[in-house]
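Got your viewer open and a selection box ready? Let's take a walk through this one, stop by stop.

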Amino acid sequence: MKELKELESLVKKLNNKARILKKEKEELSRQGFTIRYVKCGKETCRKCKEGRGHGPYIYKSVREGERVKSVYLGKLTDVKEIDKQAIDALKRIDEEIQSIEQKLNNIKTVINILIKDIRH
Ligand SMILES: [Zn+2]
């Protein structure tokens, strides 16, 4: 089936893109920048239930002698100009990964519906 081949290649492309983005994200993590999401634990919270939680919150690892400290940098708008470029990149990468994961999930959902439909 032609459509199935197209779908297969689309999924492959999305997975490849996600892999490249994750590598870029890791590289930025090596430079000390990380993005975190926090779950608040409230059962009624849609952000936590349906999404990744609250955030993104931006942190930078800073070496202090022997220890490495994780410093909270805050929201993108509060961040110093020197760090802004790296964090902008990190945020863009993070959003792209999220969008790809969403697309892959949508494809999975549709496929599952189709499988159920065919079986019945
Ligand atoms: Zn929450």
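**Stop one: the cysteines and the metal**

Select Cys 40 to begin: at 36% relative accessibility, Cys 40 counts as partly exposed, where that label covers everything between buried (under 20% relative accessible area) and exposed (over 50%), computed with a 1.4 Å probe on protein chains only. Before you click further, note that the model is predicted, with local features needing pLDDT of at least 70, side-chain atom pairs counting only at pLDDT 80 or more, and totals for chains, interfaces and linings using all residues. Residues are numbered from 1 along each chain as its sequence is written, and side-chain values use heavy atoms, with hydrogens and water left out.

Now add Cys 45, which is buried, with a relative accessible area of 14%. Add Cys 48 too: at 10% relative accessibility, Cys 48 is also in the buried class.

What coordinates the zinc ion? Show Cys 40 (SG), Cys 45 (SG), Cys 48 (SG) and His 54 (NE2), and you have its donors, at 2.1 to 2.3 Å. A donor here is an N, O or S atom within 2.8 Å of the metal (3.2 Å for Na, K and Ca); water is not among the atoms, so sites may look incomplete. Along the chain, the donors of the zinc ion follow the spacing C-x4-C-x2-C-x5-H.

Why is the arrangement tetrahedral? Because the 4 donor atoms around the zinc ion subtend angles of 104 to 116 degrees, and four donors count as tetrahedral if all angles lie between 85 and 135 degrees.

While the sulfurs are on screen, check for disulfides: with a disulfide defined as a pair of cysteine sulfur atoms within 2.5 Å, the count comes to 0.

**Stop two: the sheet**

Switch to cartoon and select residues 33–38 and 54–64. These are strands S1 and S2, which run antiparallel and are joined by 5 bridges. Strands here are DSSP runs of E, at least two residues long, while helices are runs of H or I, at least four residues long, both numbered from the N terminus. Two strands pair if DSSP finds at least two bridges between them. For one S1–S2 contact, pick Arg 36, whose bridge partner in S2 is Tyr 57.

Next, add residues 67–74, which are strand S3; S2 and S3 pair in the antiparallel sense over 7 bridges. Several cross-strand partners are handy to label:

- Tyr 59 has Tyr 72 in S3 as its bridge partner.
- Lys 60 stands opposite Val 71 in S3.
- Glu 64 stands opposite Arg 67 in S3.

Zoom in where the chain turns: S2 and S3 form a hairpin with 2 residues between them, and Gly 65 in the turn has a positive phi of about 65 degrees.

Zoom back out and you see an open sheet of 3 strands in the order S1-S2-S3, with antiparallel pairing. S1 and S3 are the edge strands, each pairing on one side only. On average, neighbouring strands of this sheet are turned by 40 degrees against each other, direction ignored; the axes behind that angle are lines fitted to C-alpha atoms, for helices over the stretch in contact, and angles run from 0 to 180 degrees between N-to-C directions.

Before you leave S3, click Gly 74, which lies in that strand. Gly 74 is buried, with a relative accessible area of 5%.

**Stop three: the helices**

Select residues 2–30 for helix H1. H1 has 29 residues and reaches 42 Å from its first C-alpha to its last, close to the 42 Å expected, a span taken as 1.5 Å times one less than the number of residues. Leu 14, Ala 18, Leu 21 and Leu 28 are buried in H1. Just after H1, find Gly 32, which takes a positive phi of about 110 degrees.

Last, bring up residues 81–119, helix H3, and pick Ala 89 there. Draw a distance from Ala 89 to Glu 24: their C-alpha atoms are separated by 9.0 Å, with the two residues 65 apart along the chain. Then try Glu 95, also in helix H3. The C-alpha atoms of Glu 95 and Leu 21, 74 residues apart along the chain, are separated by 9.9 Å.

Definitions and conventions. Four donors count as tetrahedral if all angles lie between 85 and 135 degrees; four count as square planar and six as octahedral if opposite donors are over 155 degrees apart and all others between 65 and 115; anything else is irregular.
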